Amino acid sequence: MKKSYYVTTPIYYVNDVPHIGHAYTTIATDVMARFKRWTNHEVFFLTGTDEHGQKVEKAAKEKGRTPKSLADEMVKRFQELWKRLDITNNHFVRTTDDYHARVVQEFFSRLLESGDIYLGEYEGWYCTPCETYWLEDELGEGMICPDCGRPTERLKEPSYFFKLSKYQEPLLKFYQENPEFVRPQSRMNEIVSFVSGGLNDISISRTNFSWGIPVPGDPKHVIYVWFDALFNYLSGLGYGWNNERYQQFWPADVHFIGKDILRFHAVFWPAFLMAAGMPLPKRVFAHGWWTVEGRKMSKSLRNVVDPHLLIDLYGADALRYFLLREVSFGFDGDFSHRAMAHRVNGDLANDLGNLFYRSLSMEMKYFKGEIPQPSGRDQEISSLAEAVVKDVVELMEMQEFKKSLERIWDLVKAINKYIDTKAPWQLAKEKREQELKDTIYTMLEGCRVIALLISPFMPNKAQEMWKQLGMEGSILERSVDDTAWGGLPAGQKVKKGDPLFPRIDEEKMVAKVEKMLAKAEKGEVKAEKKEAKAKEKVAKRADGLIDISEFAKVKLVVALIEKAERVPKSEKLVKLQVDVGTDRRTIVAGIGKDYSPEELVGKRVIVVANLKPAKLMGIESKGMLIAAVTKEGVRLPIIPEDVPPGTEVH
Ligand code: MSP
């Protein structure tokens with residue numbers, strides 16, 4: 001029976017297109033999954049998308065679409081990229097999938113019943129136009145909304161809470177008993193100190209938006225996105241709909257995540273699972289963040305490292321190699337095209353590519369494509385190969401991708417050196433036939449072991465090597481057992497092809513990238529200017545004062561209501577036809593709860609006449625009424641009957 005192994009990526013938000021950060025987590029997880037398959041494990045690899053919540057609802061609204069249609073489109077973008085990067089996930093979970101909602105609701109109900117979830121009151125700073133709660137330290141002076149610059153108000157709403165406080169001690173005990181639960185160590189320390197500082201209960205439902213999974217039995221509430229999202233690791237596996245698979249693979253061996261979402265995974269998630277009486281995952285690995293060309297990744301800079309562009313420029317395998325070779329997994333790193341080109345030319349083209357190309361060239365030259373029969377095994381290279389395989393298996397157990405690749409390159413470099421020392425051209429010249437056979441065999445057999453070792457990292461190049469060595473079938477169906485020395489059959493025909501990694505003209509590449517960077521910089525300057533302007537606006541609003549020129553922009557006039565009717569399916573909205581002196585126009589006003597259409601006709605009101613038209617319930621509204629908005633309702637000002645429509649109000 002094969003041992004089971006379960007790895008996951010975070011599920012990605014669909015309000016953003018996939019970028020290099022997403023690609024990084026997914027590639028690391030894929031390499032881990034492939035490596036475990038290669039070491040004879042039965043692997044389940046899960047990735048997917050996180051589709052609920054206010055951010056997605058808002059992003060959809062801004063684009064004038066439904067959240068689901070936006071999600072459908074973005075899911076395609078993620079799936080396309082994963083295909084290009086040769087990601088081998090076994091399932092793709094979407095939080096809008098039915099089976100997922102059922103699992104989330106089941107756990108919610110279970111915890112509600114056990115008392116770990118209770119109904120309480122959430123209190124926070126709320127911005128009504130943005131429909132968002134803010135934390136106190138996110139607000140500007142005067143409790144101003146950081147998004148729109150309007151004042152927020154202290155609001156309370158009913159909310160379900162999870163008793164996180166109850167799990168402080170059990171969590172600390174769990175960390176102590178499982179010191180490798182969080183990797184790397186520095187992150188484990190961070191979590192222990194955070195939990196030791198005390199835990200508050202957390203609000204896990206919202207009533208101020210609706211794009212989410214409803215609380216069972218209380219559908220005014222939707223379940224908080226993180227409660228919803230974390231359970232993907234169970235639902236995507238099959239909990240509740242493929243229990244055999246769930247039984248086989250749960251608990252997860254590693255959840256791969258970025259450092260920014262560590263608390264959710266290392267504190268909330270195990271606490272939810274403890275509350276539900278479920279086994280806990282074995283490890284959460286928090287990797288670092290990438291900057292781009294020395295700078296924090298901004299929207300404009302992202303284009304410079306768009307994963308599709310990187311695949312076009314360097315190929316998927318080289319990108320996979322670079323991301324895992326350049327920085328230790330767990331640390332932050334910087335992506336620069338110069339560094340990327342350098343790695344391709346150095347490690348890949350010079351070290352590995354050249355080794356393989358010259359090995360095959362010499363084989364062709366001296367043995368015309370037929371692999372020679374060695375007299376025995378070369379001790380030095382074969383034992384190094386065995387040691388490297390053993391070390392890499394151990395290193396990968398700890399997700400040491402960089403060290404693993406470095407160790408594989410020890411073998412690459414050793415064989416290159418071996419060739420230089422043995423000098424097969426000299427052996428040929430001196431007609432030392434058997435020695436030449438032994439040397440060429442060692443070179444090629446070494447390459448075969450290298451191909452197997454790199455196959456989880458660079459599956460395409462590994463397959464290419466396999467084919468050129470004349471090996472049959474797919475290297476991806478081979479395992480660590482095939483690394484045993486001597487697997488290359490004498491007499492087999494090699495099929496020499498093109499060099500594995502074409503060299504990159506670094507200077508040309510850098511010039512190209514500089515152009516892209518300059519463009520990105522322009523974009524950044526523009527974005528910065530926009531942000532500065534927005535901040536200025538907020539600052540102005542913060543002192544509550546505007547100057548007269550700002551007020552003068554608003555054209556207020558008296559209007560006469562000529563017709564009024566309710567907007568179908570809306571309690572609040574009334575469609576008015578008003579005479580504003582210069583013209584007649586339609587205005588949709590939210591006063592239907594306080595005024596009937598009959599009492600509105602003939603009334604004089606004040607309207608903002610130069611407001612950009614807006615569509616409300618499909619009706620174009622050209623302007624807005626001025627009214628007093630009290631807690632009890634809306635009151636219109638009284639305008640004497642002798643004031644004609646169109647009279648300006650200052
Ligand atoms: N939806 C949540 C995860 C829920 S998991 C139950 C989420 N999604 S995300 O799309 O915003 O981010 C997903 C991953 O991308 C995170 O692991 C994050 O660390 C990673 N990255 C985003 N930007 C990154 C970099 N600049 N560098 C490296 N990874 C980064 O969070």
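Here a colleague asks a modeller about the words used for this predicted model.

Colleague: What should I know before we start?

Modeller: The model is predicted, so local features need pLDDT of at least 70 and side-chain atom pairs count only at pLDDT 80 or more, while totals for chains, interfaces and linings use all residues. Residues are numbered from 1 along each chain as its sequence is written, and side-chain values use heavy atoms, with hydrogens and water left out.

Colleague: Why is D642 called exposed?

Modeller: Exposed means over 50% relative accessible area, buried means under 20%, and partly exposed is in between (1.4 Å probe, protein chains only). D642 has a relative accessible area of 66%, so D642 counts as exposed. You'll find D642 in the loop between strand 24 (634–635) and strand 25 (648–649). Helices (H or I, at least four residues) and strands (E, at least two) are DSSP runs, numbered from the N terminus.

Colleague: How far apart are D642 and R604 in sequence and in space?

Modeller: They are 38 residues apart in sequence, and 9.9 Å apart in space, C-alpha to C-alpha.

Colleague: What makes helix 13 mostly covered?

Modeller: Helix 13 spans residues 316–326, and ten of its eleven residues are buried. Among those buried residues are Y321, F322 and R325.

Colleague: What makes K402 and E406 a salt bridge?

Modeller: The rule asks for a side-chain nitrogen of Lys or Arg within 4 Å of a carboxyl oxygen of Asp or Glu. The side chains of K402 and E406 meet at 3.1 Å, N to O, and that makes a salt bridge. Both lie in helix 16 (residues 401–422), four residues apart, about one turn of the helix. E406 has 29% relative accessibility, so E406 counts as partly exposed.

Colleague: How do you know that R432 and E435 form a salt bridge?

Modeller: Same kind of check: their side chains meet at 3.0 Å, N to O, which gives a salt bridge. R432 is partly exposed because its relative accessibility is 34%, and E435 is partly exposed because its relative accessible area is 35%.

Colleague: What about R478 and D482?

Modeller: Their side chains meet in a salt bridge too, at 3.6 Å, N to O. R478, at 29% relative accessibility, counts as partly exposed, and so does D482, with a relative accessible area of 23%. Elsewhere, salt bridges that share partners join R325, E326, R343, D347, K402 and E406 into one network. The structure holds 37 salt bridges.

Colleague: Which residues come nearest to the ligand?

Modeller: There are 23 residues around the ligand, and I11, D50, G258, D260 and W290 come nearest. A residue is near if one of its heavy atoms lies within 4 Å.

Colleague: What makes D260 and the ligand a polar contact?

Modeller: A polar contact is a pair of N or O atoms within 3.5 Å; within protein, one must be able to donate a hydrogen and the other to accept it, and residues adjacent in sequence count only if both atoms are side-chain atoms. An N or O atom in the side chain of D260 is 2.5 Å from an oxygen atom of the ligand. For G258, a backbone N or O atom lies 2.8 Å from a ligand oxygen. A polar side-chain atom of H22 lies 3.2 Å from an oxygen atom of the ligand.

Colleague: Which element gives the largest share of the shell around the ligand?

Modeller: That's strand 1, with four residues.
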